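Hi,

Here's the structure I said I'd pass along. Have a look at it first, and my notes follow underneath.

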Amino acid sequence: MSDVDTFKEIKEILSSQKYSQEDISEVEKAYKFAKKNHSGQLRVSGEPYIIHPVEVAKILAGLEVDVHTLVAAFLHDVLEDTDTSPQTIKEMFGEDVLNLVQGVTKLGKLQFKSKEERQAENFRRLFIAMANDIRVIFLKLADRLHNMRTLNFMAVEKQKKIAQETIDIFAPLANRLGIYKIKAELEDLSLKYLEPEKYYEIAQLVAQTKADRESTVSELIEKISHDVERNGIKAQITGRAKHYYSIYAKMKRQNITFNDLYDVTAVRVIVDDIKQCYEVLGIIHSQFKPIPGRFKDYIAMPKGNMYQSLHTSVIGPRSKPLEVQIRTWQMHQVAEYGIAAHWRYKEKGSQKADNAKDKQFSWLHKLVEYDKEMKNAQDYVKSVKLDLFSDQVFAFTPGGDIYDFPKDATPVDFAYRIHSDVGHKTVGALINGRIVPLSTKLNNGDIVEVLTSKTPAPRLDWLTFVVTKQASSKIKQWFKKNNRDEHINIGKSNLEHELTKTVFDEYLKNGEFDKVAKIMNYQSADDLFAALGYGETTLSKITHKLKKPEDVSIENSFKKSSRKSSNKDIIGLEGMLYSFARCCSPIPGEPIVGVVTRNKGVTVHRVDCKTLETIPHERLMDIKWAGVNTNKTYTTTIRIETAEKLGLLKDVISAVSDNNTNIVNANIKTKNHVGIIEIGVELDNIDTLKKVIACIQSLPDVYSVKRIQTSANSIKKTSASKPQKKHKSK
Ligand code: MN
């Protein structure tokens, strides 16, 4: 065939359809471009390469796709097989065409390894997820169909591999999209290469029974035509053998021979409207005895891919069983072209088409709903984008096994999915052959290789980025089982810090922790500390169950000395000059102690303040708050560890200010993927502080909230009355 003829043929097809003159010129431009770039290349068949894109375009023209898809059909192999740059395609044919070509090129790189049905289903999803635009799937299906049509030029082993892939992936994909025409041809071609003997046997039997089938159908037409005409119905009635693969599948499923298969013939009746479908059904049932249990109303209950028809089986002419399908022309379009029928209606612009438009959209909508995982169906319908699996990501092992994950999954999630032992031993990961941080988010189609050590050593910070329940619970479990002593110590020191050492020791002595442990379903106080240490419970959960620290006796902790004065806030400092230590910033309601200074009166510290360790006992004064409300405000510093998340600071600030407090300073930094927020808060007493801490603690993504002491450094700089200096200057 010469060039001129090749394009002329396409031009004729396009002219007979909805394509405009402008569309056809654009298609011709693409044809010439592809021909020039593929010149000199041959297919395995020995034909010039251009034959392939031309045939792919013809298949797509048959689906009446939009003109960009048609243009992309000509260009679909130029990025992969020629020197053409994406930029050139963009300049000559626009960005939409480039996206389609790049989409189909990307899909071409996917390697299938489909052993199990589940695996195959995942591939189909991956495929849809990666395609991003449904037209890319049409291109890929048309590409595969032409490759299947010309498969005889390939080596036998390759034929089998490609045919298997087609039956596992592409035919079901076409079925999912309702494109029966392509699905049936792909299945028959696959059968031809996978089970050649069966294929030719069925083909022969179908051919032998052709005359028989035709006379059966014409007898049927004869018998019903009078009633059909009398009802003013215009019907097209045809009879044909079902496609080979469906005959094969039925023989296999029911373990029967061709001769036992009674409904090889399918009679199809196409009418103008739904009412006529049921009228024709009535006419047929009045002439021929229906076979019980074989009637299916797919008009009232469409199939998942939105196929609609009435199906019935009857004892036909000469007592031959026949399957009859009755549908409208519109249903026929959907049955043949599936999702592609969308364009056929949308762009034809007839009144029927306008009417059909809404239905088509709801049809697409339903197709989308059909898959439970699908989100944003409405958006999808609007944009014709395939956002079907946007909340999922699919990744491979180097061996080609595929796993699906929630969005934002990381190599650690991947490792735990393979096996919890692999997860525990993970030390690093390669994505597509490159070393990446373990917190890297996986993309569709990534090949993930997990690097492991000999001994398990999971890390607690993994909990900050894993997204699967499986990974996080395995990590927590591991920490629960291992490092018990360490966890007990971490838990204890967290509690000490929170409660102050004195109070903690007092609680420990009183058996208060054992009580709380029992309440929280732990065996012992140590179990409770361990649970806190590995993050199973939180400080606030424990402290809320403890009795109030004020009730804990700290008498005798320090030398007693009582002074009388009119000072109302602190008992023991009546009438004396005093100031608050900046190192520990005590606030009303918590245990305090006074330190006598040389010339600045008494400095008030928290009883657990570290600076007290260097103070001689005789300089300490036993004091306490008169009450929790002093009508003054006090400043203290809180340290919050959080997930690295934008917007979290805002939540923290509002949690603080919701409690009627004031933030006097804030300092934010990040360390090892943990966000650290230190804020100075002005407030009235310990109860408010507890409320603030509890509020922050309850925010999602907050790991810990602690009240902290200012560092020794800042004490030196800021506190004139600090005890250490006095001590030294002695
Ligand atoms: Mn191709």
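A quick word on axes before the helix pairs: they are lines fitted to C-alpha atoms, for helices over the stretch in contact, and the angles run from 0 to 180 degrees between N-to-C directions. Bear in mind that this is a predicted model.

With that in hand, start with helix 3 (residues 51–62) and helix 9: their axes come within 9 Å and cross at roughly 120°. Angles of 65 to 115 degrees would count as roughly perpendicular, and helix 3 and helix 9 are therefore oblique to each other. As for handedness, helix 3 passes helix 9 in a right-handed crossing. On the helix 3 side the contact is made by Ile51, His52, Glu55, Val56, Ile59 and Leu60, and helix 9 brings Phe138, Leu139, Ala142, Asp143, Leu145, His146, Asn147 and Arg149. Sorted by class, that contact of helix 3 with helix 9 has eight nonpolar, three polar and three charged residues.

Two residues of that contact, His52 and Asp143, turn up again at the metal. Which residues hold the manganese ion? Its protein donors are His52 (NE2), His76 (NE2), Asp77 (OD) and Asp143 (OD), and they lie 2.1 to 2.4 Å from the ion. Along the sequence, the donor residues follow the spacing H-x23-H-D-x65-D. Asp77 sits in the loop between helix 4 (67–75) and helix 5 (78–81), while Asp143 belongs to helix 9 (residues 134–149), so this pair ties together parts that are 66 residues apart in sequence. Are Asp77 and Asp143 buried or exposed? Both are buried.

Further along the chain there are two more helix pairs I'd look at.

Helix 23 and helix 24 (residues 501–510) have axes that come within 6 Å and cross at roughly 120°. That makes helix 23 oblique to helix 24. In this pair, Lys492, Leu495, Glu496 and Leu499 of helix 23 meet Lys501, Val503, Phe504 and Tyr507 of helix 24. The contact residues divide into five nonpolar, no polar and three charged.

Helix 25 (residues 512–519) and helix 26 (residues 525–533) also cross, at roughly 70°, with axes that come within 8 Å. These two are therefore roughly perpendicular to each other, and helix 25 passes helix 26 in a left-handed crossing. Here Phe513, Asp514, Val516 and Ala517 from helix 25 meet Ala525, Leu528 and Phe529 from helix 26. By class, you get six nonpolar, no polar and one charged residue in the contact of helix 25 with helix 26.

One single residue to click on is Asp485, in helix 23 (residues 484–499). Asp485 is exposed, with a relative accessible area of 59%. Its C-alpha atom is separated by 9.5 Å from that of Gly533, although the two residues are 48 apart along the chain.

Finally, the overall numbers. The protein chain has 31 helices and 21 strands. Of its 730 residues, 50% count as buried. How do the contacts between residues at least 6 apart in sequence spread out along the protein chain, and what share of them join residues at least 24 apart? The share is 65%.

Cheers

Conventions. Residues are numbered from 1 along each chain as its sequence is written. This is a predicted model: local features need pLDDT of at least 70, side-chain atom pairs count only at pLDDT 80 or more; totals for chains, interfaces and linings use all residues. Side-chain values use heavy atoms; hydrogens and water are left out. Donors are N, O and S atoms within 2.8 Å of the metal (3.2 Å for Na, K and Ca); water is not among the atoms, so sites may look incomplete. Helices (H or I, at least four residues) and strands (E, at least two) are DSSP runs, numbered from the N terminus. Buried means under 20% relative accessible area, exposed over 50%, partly exposed in between (1.4 Å probe, protein chains only). Angles under 35 degrees count as roughly parallel, over 145 as roughly antiparallel, 65 to 115 as roughly perpendicular and the rest as oblique. A crossing is left-handed if the near helix is turned anticlockwise from the far one by less than a right angle, and right-handed if clockwise. Contact means heavy atoms within 4.5 Å. Ala, Val, Leu, Ile, Met, Phe, Trp, Tyr, Cys and Pro count as nonpolar, Asp, Glu, Lys and Arg as charged, and the others, Gly among them, as polar.
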